[in-house]
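Colleague: I'm new to reading protein models. Could you walk me through a few features?

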Amino acid sequence: MLRRSQRLQSNGYYGSQGEPLISYKETLYRIFKRRPPHPGLDNIDQDTVEYNTDDCDTVDYNTDDFVDYSSDSSRGLFRAIKALGLLVLMLALCFGLIFSIGGLKMDFSTPFMSEYLMNGHEQVERQVQELQRELMDLRKKIDFLLPAGDRMPNFALEELGAEIVKEQSSASYLSEQAGLKLLGLTLIPAKPPCVSPRVVIQGQVPMVPGACWSFAGSQGHLTIKLPYSIAISHVTLGHISKMVSPSGKVSSAPRMFSVFGKRALDDSGVHLGTFVYDENGDPLQTFRIPDDKVDVIRYITLHVLNNWGNREYSCLYNFRVHGKLA
């Protein structure tokens, strides 16, 4: 006899014959294949399992369509199967990718792919050449705005302690053209104040016409005592450009010059190199000392061997010495 719920009976869910007025039946659908019954169900009827509750009449479950996943062993087996399936899927994807790449490499030998790769290579080369030209233009602009001499320390600078050694330098040039003359004879020669050779190591920027030290003729020399002993690497020579010259020429600019260095003032000196200043080049031109002549110096002498055509005098606007502290 079925067990009746007291609560349902009091609420009128049973008829006069004791039959429930409302009933339900659960229908299970098979999802997985039947597995061997769990050892713990040996003493239970495998055809029907009856569950009775206070709120339900009877619920029938067929063990043919039911697999117990409540045990730890069943859950572990199910997880292992899922992991194995994912591993197989991943291996299949990896092998498929490798085979597809291998197929593309094989297709590169075809005429179509060869022509495609050749066109792509030529296009890349053109782009590289364009980038190189743009880089060269950018470097020229940077060099114009910031010359190499401005990107290195200058040790021949008066503000750092550099000094002119007048005893080992040429005499300054004095002009007598603007004096009182009579019948072609100079009665009262005018001697305008000459510019001191210190202007060469004062690092004035920009260089303006007339703000230079001049010496007579096309040959002369200037000796500078550096504030520190350095391993010299470069020298920079400066002169105004033709663009700012009142005459449009720079005939008084040095042309060929040599540089000598020595550690003490009484030393004979070491020849560090001979260079040529380009009259059509930048106002500040930097020259590298050859590696085999790099030496530690404290005094440096600039010898001007000739200029660009002025026989009366030569001018020095700026001279710089670059290197590292010894």
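Modeller: Sure, let's go through cysteines, the core and the aromatic rings in turn. First, this is a predicted model, where local features need pLDDT of at least 70 and side-chain atom pairs count only at pLDDT 80 or more, while totals for chains, interfaces and linings use all residues. Residues are numbered from 1 along each chain as its sequence is written, and side-chain values use heavy atoms, with hydrogens and water left out.

Colleague: Okay, cysteines. How many disulfides are there?

Modeller: A disulfide is a pair of cysteine sulfur atoms within 2.5 Å. By that rule, the count here is zero. Cys212 is in no disulfide, and its nearest cysteine sulfur belongs to Cys315, 3.4 Å away.

Colleague: Why is Cys315 not bonded to Cys212?

Modeller: Because 3.4 Å between the two sulfurs is too far for a bond.

Colleague: And is Cys212 buried or exposed?

Modeller: Buried means under 20% relative accessible area, exposed means over 50%, and partly exposed is in between (1.4 Å probe, protein chains only). Cys212 counts as buried at 7%, and Cys315 counts as buried at 6%.

Colleague: Next, the core. Which residues touch the most other members of the largest nonpolar core?

Modeller: The general idea is that in soluble globular proteins, nonpolar side chains tend to be buried together. A nonpolar core is a set of buried Ala, Val, Leu, Ile, Met, Phe, Trp, Tyr and Cys residues joined through side-chain atoms within 4.5 Å. In this model the largest one has 38 residues, and Ile224, Ile232, Val235, Ile300, Leu316 and Phe319 touch the most other members. Strand β7 (220–238) is one of the elements giving two or more residues to this core; β7 gives the most, with seven. Strands here are DSSP runs (E, at least two residues), numbered from the N terminus.

Colleague: What does Leu316 touch?

Modeller: Contact means heavy atoms within 4.5 Å. Leaving out residues up to four places away in sequence, Leu316 touches several residues, including Cys212, Trp213, Phe215 and Leu302.

Colleague: Last one, rings. How many aromatic pairs does the structure hold?

Modeller: Rings of Phe, Tyr and Trp (its six-membered ring) pair if their centres lie within 6.5 Å; planes under 30 degrees apart are stacked, over 60 edge-to-face, and the rest tilted. The structure holds five such pairs. Phe257 and Phe275 have ring centres 5.8 Å apart and planes at 45 degrees, so they're tilted. Phe257 is in strand β8 and Phe275 in strand β9, 18 residues apart. Together with Phe287, they form one aromatic cluster.

Conventions:
Helix = DSSP H or I, 4+ residues; strand = E, 2+ residues; numbered from the N terminus.
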